[in-house]
Amino acid sequence: MFKYFKIITLLFSLGFVNHSFAHDSNIATFHIRHMADDLWVYELMTPLHGLDTSLRAAMKGDTDLANLSKESTEYKQKLISHIKSDFDVRAIEYSEDKGATKPVKLSLGKGRIKLNGHQSVFIFEIKGMPKDVMQLDFRLASMSNNDSQNNLLRLIDGQKTKKYLLNQNNDFSGQSIGFFHSVIPKTSS
């Protein structure tokens, strides 16, 4: 497990993390990246302002939040909890027997964060991803309290990428069929 986090750290330090439009707090970039056979990561790049506004809207009754410094451990933990709660992704494993496939709700594990007003970066391990992913259903509603929010999702598997624009018009939701699976099975009519 430590080996995988070293890989993530190396990629981050070499600048392989694509940047969102850092000056526009209404745009965030998300990646679901297949790193190795059993390692998947979720990356979020966004200006801190938009994420902080979303956190404060979600936690209106939390009086402690107003007094927390953005450098404090408690603030960072609240941000991480907020990001993890907005991660709603389900995966379906490819199966010859379509009746045997059930969506698996994915979750976020350990990760790293770098807070910056210009661009903050969050990288988490994705837990629960099936071995042979046929379909992803996703709703990434981070910062959806902002009517003009646009979230750009990139699915990345080696050199292959696919992009989705998530916003109010599609309820920050989408579906990808066959992107991570090498052969799309033929459907019977």
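Student: What percentage of the 189 residues in the protein is buried?
Tutor: Keep in mind that we're looking at a predicted model. A residue counts as buried when its relative accessible area is under 20%. Going by that cut-off, the buried share of the 189 residues is 42%.

Student: How many helices and strands does the protein have?
Tutor: Let's walk along from the N terminus: the elements run α-β-β-α-α-α-β-β-β-β-β-β-β-β. Tallied up, that's 4 helices and 10 strands.

Student: Which strands sit at the edges of the open sheet?
Tutor: The open sheet is built from 6 strands with mixed pairing, in the order β5-β6-β2-β1-β8-β9. From one strand to the next, the twist averages 20°. An edge strand pairs on one side only, and that fits β5 (107–114) and β9 (160–166).

Student: In β2, what is the bridge partner of Arg 33?
Tutor: Start with the two strands: β1 covers residues 27–36 and β2 covers residues 39–46. They pair in the antiparallel sense over 7 bridges. Look across from Arg 33 into β2 and you land on its bridge partner, Val 41.

Student: And which residue in β6 is the bridge partner of Glu 43?
Tutor: Here we go from β2 to β6, which pair in the antiparallel sense over 6 bridges. β6 is mostly covered, with 7 of its 8 residues buried. The β6 partner of Glu 43 is Ile 123.

Student: How many residues lie between β5 and β6 in their hairpin?
Tutor: These two strands run antiparallel and are joined by 6 bridges. One of the bridges links Leu 108 to Ile 126 in β6. As for the stretch between the strands of this hairpin, it has 5 residues.

Student: Which strand gives the most residues to the largest nonpolar core?
Tutor: That core holds 36 residues, and Ile 32, Tyr 42, Ile 126, Met 129, Leu 136 and Leu 153 touch the most other members. Leu 136, leaving aside its neighbours within four places in sequence, is in contact with residues including Ile 32, Val 89, Leu 106, Met 129 and Phe 180. With 4 residues in the core, the strand that gives the most is β7 (residues 133–140).

Student: How many residues are in the other core, the one with Val 41?
Tutor: It lies apart from the largest one. Among its members are Val 41, Met 45, Val 121 and Ile 123. The number of residues in this core is 5.

Student: Are α2 and α4 roughly parallel or roughly perpendicular?
Tutor: Helix α2 (residues 48–58) packs on helix α4 (residues 73–85) with the axes 10 Å apart, at an angle of about 85°. Angles from 65 to 115 degrees count as roughly perpendicular. Therefore α2 is, relative to α4, roughly perpendicular.

Student: How many residues in the contact of α2 with α4 are nonpolar?
Tutor: From α2 come Leu 48, Leu 51, Asp 52, Ser 54, Leu 55, Arg 56 and Ala 58, while α4 brings Tyr 75, Lys 78, Leu 79, His 82 and Ile 83. Sort them by type and you get 2 polar and 3 charged, and the nonpolar ones number 7.

Student: Which elements do the buried residues of α2 pack against?
Tutor: First, the buried residues in α2 are Leu 48, Gly 50, Leu 51, Asp 52, Ser 54 and Leu 55. The elements they pack against are β2, α3 (63–66), α4 and β6 (120–127).

Conventions:
Residues are numbered from 1 along each chain as its sequence is written. This is a predicted model: local features need pLDDT of at least 70, side-chain atom pairs count only at pLDDT 80 or more; totals for chains, interfaces and linings use all residues. Side-chain values use heavy atoms; hydrogens and water are left out. Two strands pair if DSSP finds at least two bridges between them. Axes are lines fitted to C-alpha atoms, for helices over the stretch in contact, and angles run from 0 to 180 degrees between N-to-C directions. A nonpolar core is a set of buried Ala, Val, Leu, Ile, Met, Phe, Trp, Tyr and Cys residues joined through side-chain atoms within 4.5 Å. Buried means under 20% relative accessible area, exposed over 50%, partly exposed in between (1.4 Å probe, protein chains only). Contact means heavy atoms within 4.5 Å. Angles under 35 degrees count as roughly parallel, over 145 as roughly antiparallel, 65 to 115 as roughly perpendicular and the rest as oblique. Ala, Val, Leu, Ile, Met, Phe, Trp, Tyr, Cys and Pro count as nonpolar, Asp, Glu, Lys and Arg as charged, and the others, Gly among them, as polar.
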